[in-house]
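Work through the exercises below with the model open beside you. Try each task before you read its solution.

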Amino acid sequence: MEYLKKHINNIVSLNEEEWNVLKNGIQEISCAKGDLILSEGDECDFIGIIKTGLFRFYTTKEGNEKTNEFWFPMDYFSDYRSYLTNTPSNFNIEAMSPGTIWKLKRTYMYKLYEESVNFNKLGRIVSEQLFLKKALRLDGFLKDSPKERYLQLLIKDPNILQAVPQYMIASYLGITPESLSRIRKRI
C-alpha cells in the first residue's frame with residue numbers, strides 16, 4: 001500500500017487522516033491469468049489501479065473478441081461509461097497475466113467526495129486520466145497508421161509481444177492478424 005500512497009500523493013497531497021480514510025475503502029485483489037474482473041452484462045461499480053500484471057478490456061461481437069484496451073502497472077482502469085451511468089457493461093476486464101489490482105467502489109468514492117476537497121481533486125484527476133486515455137486512443141485511430149499505433153504500443157510495454165497473443169494485438173490495433181504480421185516484418 002505504501003507504493004499506492006506515494007503514487008496518490010504525487011497526484012494530490014493527502015494528510016495521514018485522509019490517507020487512512022481512503023485506504024479503508026481500497027480492496028487489494030490478487031488475480032490469476034484469465035480471471036475476469038468485470039463481465040459483460042455486469043455493472044462496473046469501481047475504479048481500479050493496476051499494481052502488477054497486464055489486463056485487457058474487450059467485448060465479443062459475433063463470436064469474435066474485440067480488444068479495446070490494454071492496461072499496465074499503475075494505469076487506472078474501469079468501464080467508465082458503466083461506472084458513471086449505473087448501467088450494465090458491454091465489456092469484460094480480463095487478467096492477461098497473474099497480477100494485483102487495487103479497487104475502490106463507486107459508493108465509497110462518492111462518500112469521500114463529501115468529506116474533503118482533496119478527494120474531489122483526486123476523483124477529478126483520475127476521471128481526466130481515464131478520459132484522456134480514451135481520447136488519445138481515438139485520436140490514434142483517426143490520425144495514426146496501424147504501424148504507428150503498433151510502435152506506440154511497443155514503446156508503452158516492449159514485453160507485450162511475449163504476454164499477449166498476436167490476434168489480440170491485431171484486434172486492439174483495428175487490423176487483421178495478417179496485416180500485423182506484415183507490419184512486424186517491415187520493422
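Helices (H or I, at least four residues) and strands (E, at least two) are DSSP runs, numbered from the N terminus. The model is predicted, so local features need pLDDT of at least 70 and side-chain atom pairs count only at pLDDT 80 or more, while totals for chains, interfaces and linings use all residues. Residues are numbered from 1 along each chain as its sequence is written, and side-chain values use heavy atoms, with hydrogens and water left out.

**Exercise 1. Place arginine 137 and list its contacts.**

Step 1. Find the element. Arginine 137 lies in helix H5.

Step 2. Check burial. Buried means under 20% relative accessible area, exposed over 50%, and partly exposed in between (1.4 Å probe, protein chains only). The relative accessible area of arginine 137 is 14%, so arginine 137 is buried.

Step 3. List contacts (heavy atoms within 4.5 Å). Leave aside neighbours within four places in sequence. Arginine 137 then touches Thr67, Asn68, Glu69 and Tyr172.

Step 4. Turn to one partner. Glutamate 69 lies in strand S5 (residues 64-71). Its relative accessibility is 3%, so glutamate 69 counts as buried. Neighbours within four places aside, the contacts of glutamate 69 include Lys133, Lys134, Arg137 and Tyr172.

**Exercise 2. Describe how H4 and H5 cross.**

Step 1. Recall what to report. Two packed helices are described by the angle between their axes and the distance between the axes.

Step 2. Read the geometry. Axes are lines fitted to C-alpha atoms, for helices over the stretch in contact, and angles run from 0 to 180 degrees between N-to-C directions. The axes of H4 (residues 106-115) and H5 (residues 117-143) come within 6 Å and cross at roughly 135 degrees.

Step 3. Name the class. Angles under 35 degrees count as roughly parallel, over 145 as roughly antiparallel, 65 to 115 as roughly perpendicular, and the rest as oblique. H4 and H5 are therefore oblique to each other.

Step 4. Name the residues that meet. H4 brings Met109, Leu112, Tyr113 and Glu115; H5 brings Phe119, Asn120 and Gly123.

**Exercise 3. Classify two aromatic pairs.**

Step 1. Learn the rule. Rings of Phe, Tyr and Trp (its six-membered ring) pair if their centres lie within 6.5 Å; planes under 30 degrees apart count as stacked, over 60 as edge-to-face, and the rest as tilted.

Step 2. Count. The whole structure holds nine aromatic pairs.

Step 3. Apply the rule. Phenylalanine 46 and phenylalanine 77 have ring centres 5.8 Å apart and planes at 70 degrees, so this pair is edge-to-face. The pair links distant parts of the chain: phenylalanine 46 is in strand S3 (residues 46-52) and phenylalanine 77 in strand S6 (residues 76-77), 31 residues apart. Phenylalanine 46 is buried at 2% relative accessible area. Phenylalanine 77 is buried too, at 0%.

Step 4. Apply the rule again. The rings of tyrosine 80 and tyrosine 83 have centres 5.5 Å apart and planes at 15 degrees, so the pair is stacked. Both tyrosine 80 and tyrosine 83 lie in helix H3 (residues 80-85), three residues apart, about one turn of the helix.

**Exercise 4. Is helix H8 enclosed or open?**

Step 1. Count the buried residues. Six of the eight residues of H8 (residues 166-173) are buried, so H8 is largely enclosed by the rest of the structure.

Step 2. Name them. They are Met168, Ile169, Ala170, Ser171, Tyr172 and Leu173.

Step 3. Find their surroundings. The elements they pack against include S5, H5 and helix H6 (146-156).
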